[in-house]
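User: Could you walk me through how the labels on this model are assigned?

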Amino acid sequence: TCFHGARASMAPEEPLVANPGVVGNCLLCLPEAAVRLLNVIPNMDDKGDSSKRLWFGRAWQLQALQLKQYQEEVLPKQKPLTAKQKTELGAVFTDLHKLAIVMKVQKLWRGAVGRRAS
């Protein structure tokens with residue numbers, strides 16, 4: 001049975017950067033639950049199963065798939081920043097104390113998202 005959604009994506013064949021590095025070139029084998037969670041099209045079966053349920057590829061391919069999904073699903077829903085908002089953000093990034101606070105909030109947010117996903 002095919003369980004991936006209509007918006008599932010195929011892995012790209014060419015990396016986004018010229019040299020993805022050691023981590024980017026690592027091979028991954030994602031189990032069925034991860035394939036569903038990440039919404040990728042499975043490309044490998046498990047010991048002769050009749051359907052493909054696993055995903056096998058490089059870390060850079062998975063990163064490219066996530067970037068593509070973000071660009072297609074999240075970015076179109078966001079409103080562009082106004083000139084005032086851009087000026088305010090510029091002020092935050094030039095003040096090292098404010099930037100440190102923003103980076104700390106970002107780190108906490110990413111940790112919360114990661115814990116919620118698992």
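Analyst: Happy to! Buried means under 20% relative accessible area, exposed means over 50%, and partly exposed lies in between (1.4 Å probe, protein chains only). Please keep in mind that this is a predicted model, where local features need pLDDT of at least 70, side-chain atom pairs count only at pLDDT 80 or more, and totals for chains, interfaces and linings use all residues. Residues are numbered from 1 along each chain as its sequence is written, and side-chain values use heavy atoms, leaving out hydrogens and water.

User: Why is Cys-29 called partly exposed?

Analyst: Its relative accessibility is 45%, so Cys-29 falls between the two cut-offs and counts as partly exposed. Cys-26, at 36%, is partly exposed as well.

User: What makes Arg-36 and Glu-32 a salt bridge?

Analyst: A salt bridge needs a side-chain nitrogen of Lys or Arg within 4 Å of a carboxyl oxygen of Asp or Glu. The N to O distance for Arg-36 and Glu-32 is 3.2 Å, so the pair qualifies. Both residues lie in helix H2 (residues 32–38), four residues apart, about one turn of the helix. Helices here are DSSP runs of H or I with at least four residues, strands are E runs of at least two, and both are numbered from the N terminus.

User: Which residue forms a salt bridge with Glu-32 from the loop between H2 and strand S2?

Analyst: That is Arg-53, with its closest N and O atoms 3.2 Å from those of Glu-32. The pair links distant parts of the chain, 21 residues apart. Shared partners join Glu-32, Arg-36 and Arg-53 into one network.
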